[in-house]
Amino acid sequence: MEPSFWHEKWQLQQIGFHQQQVNPFLVKYWSQLDLAEQSDVFVPLCGKSLDMCYLAEQRHRVLGCELNPLAVEHFFIDNDLAYQVEQCGEHCLYRAGEVHIYQGDIFTLPQDLTKTIGGFYDRAALIAWPEAMRQQYAVALAQLIPANVTGLLITLDYPQDSLQGPPFAVSPDWIQTHLAPYFDVELLECVDVLADNPRFVNKQVPWLNEAVYKLTRK
Ligand SMILES: C[S@@+](CC[C@H](N)C(=O)[O-])C[C@H]1O[C@@H](n2cnc3c(N)ncnc32)[C@H](O)[C@@H]1O
């Protein structure tokens, strides 16, 4: 989606994607990645996700990237974190303790900033892009993740013609075609979550699969 779409969503607080608790897949699978304590973890398109608090509690330094300044400010304010802001090239760096969020476009985030990461976490980032832009995002993500770095990817899949995204459907086939050239891909779990998603039920979407993958950069 274009930046204006997301800026408007944050301005109007139409942020149905934001979860009021830490993502259960993150809690269930993060330790399986076996990352070193205190390694840096990259969270692309981070919004104001509480998942960043969980990662910081696991003694990681969190490096988020988020387009919208309100989202970033709300993350720190909602979590009672006093933050500092400084200009960092064309991004604005907001930081408090172990959480550093680069506010700006993921497509222009300098690769230097992520060269020390030991892990990454993509929830509702890949699925935020329509098909054409998703491929560009996959390439940008791969460029930002150094070789051998592991992460979790959480996706949704459903018959795309039954509902207009975002979130957009991302199938296992799409992942094989577009991510497997860059990452070793392992499906950890896939569950039908239709019953928990009234928007999809109301639109008579027949099924809705949430999947979690372990990705390791080749
Ligand atoms: C569907 S939300 C997911 C947020 C977060 N991952 C979560 O789980 O709550 C997608 C987020 O990506 C941000 N975004 C969209 N385009 C972006 C871009 N080009 N660079 C950085 N962030 C972007 C949006 O502002 C929005 O907060």
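**A ligand site, two cores and the loops around them**

An oxygen atom of the ligand lies 2.6 Å from an N or O atom in the side chain of E66. This distance, like every other value given here, comes from a predicted model. The protein covers 96% of the 590 Å² of accessible area that the ligand has on its own. Two further polar approaches can be traced at the ligand. A polar side-chain atom of R123 is 2.7 Å from an oxygen atom of the ligand, and a polar backbone atom of I106 is 2.9 Å from a nitrogen atom of the ligand. E66 and R123 thus meet the ligand through side-chain atoms, whereas I106 does so through its backbone.

The surroundings of the ligand comprise 15 residues, of which L45, E66, D105, I106 and R123 come nearest. Sorted by class, this shell holds nine nonpolar residues, three polar residues and three charged residues.

E66 also leads to another part of the chain, as E66 is among the residues that W10 touches. W10 belongs to helix α1, which spans residues 3–11. Is W10 buried or exposed? Its relative accessibility is 2%, and W10 therefore counts as buried, the limit for that class being under 20%. Beyond its neighbours up to four places away in sequence, W10 touches I15, F17, G47, K48, E66, N68, L70 and A71. N23 offers a further point of reference: W10 and N23 are 13 residues apart in sequence, and their C-alpha atoms are 21 Å apart in space.

K48, one of the residues touched by W10, also helps to place N79. The C-alpha atoms of N79 and K48 are separated by 9.7 Å, although these residues are 31 positions apart along the chain. N79 is located in the loop between α4 (69–78) and β3 (84–88). With a relative accessibility of 23%, N79 counts as partly exposed, because that class lies between the 20% limit for buried and the 50% limit for exposed residues. When residues up to four places away in sequence are not counted, N79 touches L50 and C53.

H60 is also a loop residue, placed between α3 (51–57) and β2 (61–66). A relative accessibility of 3% means that H60 counts as buried. Which residue makes a polar contact with the side chain of H60? The partner is W30, whose side chain takes part in this contact at 3.0 Å. Apart from residues up to four places away in sequence, H60 touches W30, L35, A36, Q38, S39, V41, L55 and E98.

The nonpolar interior can be considered next. The largest nonpolar core has 39 residues, and F42, L179 and F183 touch the most other members. At least two residues of this core are supplied by each of β2, β6 (117–123), α5 (131–144), β7 (150–157), α6 (172–178) and β9 (209–217). The greatest share comes from α5, with six residues. Around F183, leaving aside neighbours within four places in sequence, the contacts are F120, L141, A142, I145, L215, T216, R217 and K218. A second, separate core has 26 residues, including W30, V41, L55 and Y121. Of these, W30, V41 and L55 are also among the residues that H60 touches.

The backbone shows several features in loops. Where are the cis peptide bonds adjoining P166? One runs from G165 to P166, with omega near 0°; another runs from P166 to P167, again with omega near 0°. P166 is placed in the loop between β7 and α6, and P167 is found in that loop as well.

Positive phi values occur at two residues other than glycine, N148 and Q204. For N148, phi is near 75°, and this residue is found in the loop between α5 and β7. The relative accessibility of N148 is 62%, so N148 counts as exposed. For Q204, phi is near 60°, and the residue lies in the loop between α7 (198–202) and β9. Q204 likewise counts as exposed, because its relative accessibility is 69% and the class begins over 50%.

Definitions and conventions:
Residues are numbered from 1 along each chain as its sequence is written. This is a predicted model: local features need pLDDT of at least 70, side-chain atom pairs count only at pLDDT 80 or more; totals for chains, interfaces and linings use all residues. Side-chain values use heavy atoms; hydrogens and water are left out. A residue is near a molecule or strand if one of its heavy atoms lies within 4 Å of it. A polar contact is a pair of N or O atoms within 3.5 Å; within protein, one must be able to donate a hydrogen and the other to accept it, and residues adjacent in sequence count only if both atoms are side-chain atoms. Accessible areas come from the Shrake-Rupley method with a 1.4 Å probe; for residues, only the protein chains shown count as cover. Ala, Val, Leu, Ile, Met, Phe, Trp, Tyr, Cys and Pro count as nonpolar, Asp, Glu, Lys and Arg as charged, and the others, Gly among them, as polar. Helices (H or I, at least four residues) and strands (E, at least two) are DSSP runs, numbered from the N terminus. Buried means under 20% relative accessible area, exposed over 50%, partly exposed in between (1.4 Å probe, protein chains only). Contact means heavy atoms within 4.5 Å. A nonpolar core is a set of buried Ala, Val, Leu, Ile, Met, Phe, Trp, Tyr and Cys residues joined through side-chain atoms within 4.5 Å.
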